[in-house]
Amino acid sequence: MRKPKITSLKNKSQSLFGGLRRVKLSSKETDGDIYLVEGVMPKGSSVPVHIHEFEDEIFHVLEGEVELIPGDDVFIGKDGDIIYLPRGIKHGINTSGEETAKVLNYVIPGKNFETFFDKMNAQGANPTKEVTTKLAQEHGITFM
């Protein structure tokens, strides 16, 4: 029988792609089902356009303004906007306003994606493109 999971205030934060990821629910807490992080994206931060082979994502804009790039479209997300991105759709996200943006990012399933971010975080603040590409490919992620 499955049981409910409660988030831990002890969960870690990680820096990556010019922003900060605050883990709200780790994949360990959800038996790999979901990885939920709050992205804190200062002006100029960006996640490059990429494709996930294994994960669906939901972005929920909590504060500020972000440029979401689903497929070949560009969508300006503001407070309260939600976008669902099924696996296999290229996408990226950038801070588009002058202020720091906050976005809840639901990744389903979560374990593979969380492992990718843990390995990227272990590389330090500025991993090389070669390292990023290698780790991404190992986890079914392709950067464009």
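**Notebook: confidence and strand pairing**

I began with confidence: within the chain, strand S1 (residues 13-16) has the lowest mean pLDDT, 54, whereas S5 has the highest, 95. The model is a predicted one. I noted that the average pLDDT of the chain is 85, and that 86% of the residues reach at least 70. Where pLDDT is low, the predicted coordinates should not be read in detail.

I turned next to the open sheet. I found five strands in it, in the order S7-S6-S9-S4-S11, with antiparallel pairing. Which strands stand at the edges? I identified them as S7 (75-78) and S11 (141-143); each has a single partner strand, so one side of each is left without a neighbour in the sheet. I also recorded the turn between neighbouring strands of this sheet, which is 30° on average, direction ignored.

I then examined the edge at S11. Three bridges pair this strand with S4 (residues 46-52) in the antiparallel sense. Opposite His50 I located Phe143 of S11.

I looked up a further pairing, that of S5 with S8. Strand S5 (residues 56-63) runs antiparallel to S8, and four bridges join the two. I traced His60 to its bridge partner in S8, which is Ile82.

Last, I followed the side chains along S8 (residues 82-85), which alternate. Which of them are buried? I found Ile83 and Leu85 buried, pointing to one face; Ile82 and Tyr84 point to the other and are not buried. Ile82, the bridge partner of His60, therefore belongs to the face of S8 whose side chains are not buried, under the cut-off of 20% relative accessible area.

Notes: Residues numbered from 1 in each chain as written. Predicted model: local features only at pLDDT ≥ 70, side-chain atom pairs only at ≥ 80, totals over all residues. Heavy atoms only, no water. Pairing = 2+ DSSP bridges. Axes fitted to C-alpha atoms, helices over the stretch in contact; angles between N-to-C directions. Buried < 20%, exposed > 50% of the residue type's maximum accessible area, 1.4 Å probe, protein only. pLDDT = per-residue confidence, 0-100.
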